[in-house]
Amino acid sequence: MSALDVTGLSIHHASGREPVRDLSFTLAPGERLGLIGESGSGKSLTALAVMGLLPAGMTARGSVLLGGTQVIGTPDRRLNRVRGRAAAAVFQEPLTAMDPLMRVGRQLAGPIRRRHGLRGARLRDAVRSALAEVRLPERATAAYPHELSGGQRQRAAIAMALACEPDLLIADEPTTALDVTVQAEILALLDGLVAGRGMALLFISHDLAVIAEVADRVVVLKDGSMVESGRTRDIVREPRHAYTRSLVDSAWALEGELDRLAP
Ligand SMILES: Nc1ncnc2c1ncn2[C@@H]1O[C@H](COP(=O)(O)OP(=O)(O)OP(=O)(O)O)[C@@H](O)[C@H]1O
């Protein structure tokens, strides 16, 4: 069974607009797929539709099979049993997933307790090892989210997503708000965690260089439609669509610029 099977997904807005049109892609267990496109191309709405979390006024048509469960048209209370286990998400701004008034350790304890039924000292140990897994120091347990740096907050949000032991991790621009060194650390962390746990990964970014680092295959979105898909290596070497070519050219131009400035 696929970790995710999206067929003919369209997203409609009450105004009559269709920000995502007829999108299809599949993710096998343990596979890593990148979704790339410029701002407004429909990447985030696709991620939300996969989780059954579209904002009010938006509806999805087509089919989204998440771990074998049809997401489209399924009531929230049933999807709640699927979310977390079949898929968990991390977003650009980790604070969206965190309660600003609750210490990090307690926030992490919630999903761990629900998933594993642990209490007391065993729960505290599990929280400690979840923090260690994302390379956060033990003292982060007692911190409020605003007391952590942006990179540390993203690590905590990743730990919360992983606490549910999902088969699929959806990462929507998880490094975009971070500075370049921290970005590289978070990417390396995600890479190791996804490999170590054998999770599938849907990685969303507007940055081809970032996608190339983590994804085996890529789907290119433009104005809500897929213009190209294939193995990342093939797409970087031989883009077929003019839009993909422009993404590849600008990624190489940046690389060239860095080479030129190198001592
Ligand atoms: N809640 C909403 N209500 C109305 N329109 C929306 C809503 N969310 C997104 N849109 C519109 O849908 C389109 C796709 O948005 P989406 O956020 O999926 O793009 P994106 O590719 O993720 O862009 P970015 O990289 O900037 O996040 C855009 O035109 C956006 O303005």
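**A Q&A tour of one predicted model**

Q: Is aspartate 207 buried, exposed or partly exposed?
A: This is a predicted model, and in it aspartate 207 has 18 other C-beta atoms within 10 Å. Buried would take 20 or more, and exposed would take 12 or fewer. Since 18 falls in between, aspartate 207 is partly exposed.

Q: Where along the chain does aspartate 207 sit?
A: Look for the strand called S8 and the helix called H7. The place of aspartate 207 is in the loop between S8 and H7.

Q: How many Å separate the C-alpha atoms of aspartate 207 and leucine 35?
A: Along the chain, these two residues are 172 residues apart. In space, their C-alpha atoms are separated by 9.9 Å.

Q: Which residues of H6 are buried, and why do they count as being on the same side?
A: H6 runs over residues 180-197. Its buried residues cover an arc of only 65 degrees around the axis, which puts them on the same side of H6. Thr181, Gly192, Ala195 and Gly196, on the other side, are exposed. The buried ones are Ile186, Leu190 and Val194.

Q: Which helices and strands do the buried residues of H6 pack against?
A: Let's take the helices and then the strands. The helices are H5 (150-163) and H7 (208-214). The strands are S3 (32-36), S7 (168-172) and S8 (200-205).

Q: Which residue with a positive phi follows H6?
A: Step just past the end of H6 and check the backbone angle: phi is near 65 degrees there. The residue is glycine 198.

Q: How far apart are the end C-alpha atoms of H5, and what span should we expect?
A: H5 has 14 residues, and 13 of them are buried, so this helix is mostly covered. At 1.5 Å a residue, H5 should span 20 Å. Its end C-alpha atoms agree with that, at 20 Å.

Q: Is threonine 244 buried or exposed?
A: Threonine 244 lies in helix H9 (residues 242-261). Leaving out residues up to four places away in sequence, threonine 244 touches Val220, Val227, Glu228, Ile235 and Pro239. Because it has 23 C-beta neighbours inside 10 Å, threonine 244 counts as buried.

Q: Is aspartate 125 buried or exposed?
A: You'll find aspartate 125 in helix H4 (residues 120-133). The cut-off for exposed is 12 or fewer neighbours. With 11 C-beta neighbours inside 10 Å, aspartate 125 counts as exposed.

Q: How many nonpolar, polar and charged residues does the shell around the ligand have?
A: The residues around the ligand include His13, Gly40, Lys43, Pro55 and His206. Helix H1 (residues 43-51) gives the largest share of the shell, 3 residues. Sorted by class, the shell has 3 nonpolar, 8 polar and 1 charged.

Q: Which residues does UniProt list for "domain: ABC transporter"?
A: The name comes from an unreviewed UniProt entry. In the model, the listed span is 38% helix and 25% strand, and its end C-alpha atoms lie 33 Å apart. UniProt lists residues 1-248.

Definitions and conventions. Residues are numbered from 1 along each chain as its sequence is written. This is a predicted model: local features need pLDDT of at least 70, side-chain atom pairs count only at pLDDT 80 or more; totals for chains, interfaces and linings use all residues. UniProt positions are given in the numbering used here, feature names are shortened, and annotations may be inferred rather than shown by experiment. Helices (H or I, at least four residues) and strands (E, at least two) are DSSP runs, numbered from the N terminus. The expected span of a helix is 1.5 Å times one less than its number of residues. The arc is that of the directions from the helix axis to the C-beta atoms. Two residues are in contact if their C-beta atoms, placed from the backbone, lie within 7 Å. A residue is near a molecule or strand if its C-beta atom, placed from the backbone, lies within 6 Å of it. Ala, Val, Leu, Ile, Met, Phe, Trp, Tyr, Cys and Pro count as nonpolar, Asp, Glu, Lys and Arg as charged, and the others, Gly among them, as polar.
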